[in-house]
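Dear colleague,

I am handing over the structure that we discussed, and below it you will find my notes on what was found in it. Please read them with the model open beside you.

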Amino acid sequence: MAARLTGRRATGARAGPGSPAEVTLEDGTVVMVKRGDAPGAVRAEVSGLRWLGAAGAVRVPAVLGHDARWLVTERVPTGRPDAAAALRFGHTLAALHLAGAPAFGAPPPGGAEEAFIGRAPLRNTPGDDWPRWYAEHRVLPYLRDAVDAGTLRPGEAAVIEEVCARLPDLAGPAEPPARLHGDLWNGNVLWGADGEVRLIDPAAHGGHRETDLAMLRLFGCPHLDRVLAGYQEAAPPADGWRDRVGLHQLFPLLVHAVLFGRGYAEQAVTAARGALAG
């Protein structure tokens, strides 16, 4: 597959229990080969990587070849996270967000409306009003799925629905659409051996920049204090953003509730109650 998509013969491969696999080409270059498990997944990932890379901010692995089901990217040698790299990452993440997007929910150029966040479907429907868009296209679809699956109880869902109803008052100052990675947990942050961070596996779209920051906090990130310090230096978030972290974590928590079950549903309810308590 790597040979067909890159035009260079493969001489070796190393695959773990899942995707992607490391493949060595005839010139010694090692690449990553990944299969898209759902129709359109590769197209969404390629368009996302290229859109993020076009900002000239946070680096992403180069796309070396792809078709409808397979993606080949450069392999990034990884190193240990350190405070200096984290500070630079904060600067470049801010620059990525400031590169902007045409609308909230706008897909990357060449991307499809029907995309993915991890294994969950993600619909990129553009909107101009962030509170309404966030409720309608990010929180409520996964809330309904979680309730239908029995992962969330109706009484708990009512708490999250109240957050959605009050979003115009809870959302903070209006901001223009930011260019988001969209699935910014620590597993999608590669700490390169060269001291530069790369981002992988995007669910890229136009959104609120506090959503990426909230996701970094949700699942932990090495030297997060330095990442946030760098971000603050480059483009400080609006006052009160730390109080809105739970609001922005509702979306990824509900996605995880749909994919992985009850524990994340309980966290989503706790985040919603915290957002309402303000």
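The second largest pocket is lined by Glu-114, Pro-121, Leu-122, Arg-123, Glu-136, His-137, Pro-141, Tyr-142 and Asp-145, where a pocket, on a 1 Å grid over the protein atoms alone, is an open set of points with protein on both sides within 12 Å along at least five of seven lines, and a lining residue has an atom within 4 Å of a point. Two elements, β7 (120–123) and α4 (130–148), give two or more residues each to this lining, and α4 gives the most, with five. Helices (H or I, at least four residues) and strands (E, at least two) are DSSP runs numbered from the N terminus. The volume of this pocket is about 170 Å³, a volume being the space filled by probe spheres set on the points, with grid points joined across faces, edges and corners. By class, its lining residues are four nonpolar, one polar and four charged; Ala, Val, Leu, Ile, Met, Phe, Trp, Tyr, Cys and Pro count as nonpolar, Asp, Glu, Lys and Arg as charged, and the others, Gly among them, as polar.

Before going further, please note that this is a predicted model, in which local features need pLDDT of at least 70 and side-chain atom pairs count only at pLDDT 80 or more, while totals for chains, interfaces and linings use all residues. Residues are numbered from 1 along each chain as its sequence is written, and side-chain values use heavy atoms, with hydrogens and water left out.

The strand β7 deserves a second look. Its side chains alternate, with Ala-120 and Leu-122 pointing to one face and buried, whereas Pro-121 and Arg-123 point to the other face and are not buried; buried means under 20% relative accessible area, exposed over 50%, and partly exposed in between (1.4 Å probe, protein chains only). β7 pairs with β6 in the antiparallel sense over four bridges, two strands being paired if DSSP finds at least two bridges between them. Within this pairing, Phe-116 stands opposite Pro-121 in β7. The hairpin of β6 and β7 has two residues between the strands, and Gly-118 takes a positive phi near 60° there.

Turning to enclosed space, a search of the whole structure finds two cavities of 30 Å³ or more, a cavity being a set of points where a 1.4 Å probe fits but cannot get out. The largest cavity has a volume of about 70 Å³, and of the 13 residues that line it, Ala-44, Pro-108, Ala-115, Asn-124 and Ala-204 are the closest to its centre. α2 (41–54) and β6 (114–117) each supply at least two residues of that lining, with α2 giving the most, three residues. The lining of the largest cavity comprises nine nonpolar, three polar and one charged residues.

The second largest cavity holds about 50 Å³ of space, and the residues that line it include Trp-130, Trp-133, Tyr-134 and Arg-138, as well as His-205, Gly-207 and Phe-251. At least two residues of this lining come from each of α4 and β11 (205–207), and α4 gives the most, with four. Its lining has five nonpolar, five polar and one charged residues.

Some backbone points also call for attention. Most residues other than glycine have a negative phi. Asp-201, although not a glycine, has a positive phi of about 50°; Asp-201 lies in the loop between β10 (197–199) and β11, and is partly exposed, with a relative accessible area of 28%. His-223 likewise has a positive phi, near 55°, in the loop between α7 (209–219) and α8 (224–234), and counts as partly exposed at 33% relative accessibility. The helix α7 itself is mostly covered, with nine of its 11 residues buried, among them Arg-209, Glu-210 and Asp-212. Gly-220, which follows α7, has a positive phi near 85°.

As for the whole, the protein has 10 helices and 11 strands. Its radius of gyration is 19 Å, close to the 19 Å that the globule rule gives for 278 residues, so the protein is as compact as a globular protein of that length; the radius is taken over C-alpha atoms, and the rule is 2.2 Å times the number of residues to the power 0.38. The C-alpha trace spans about 60 × 40 × 30 Å along its principal axes, and buried residues make up 51% of the 278.

With best wishes
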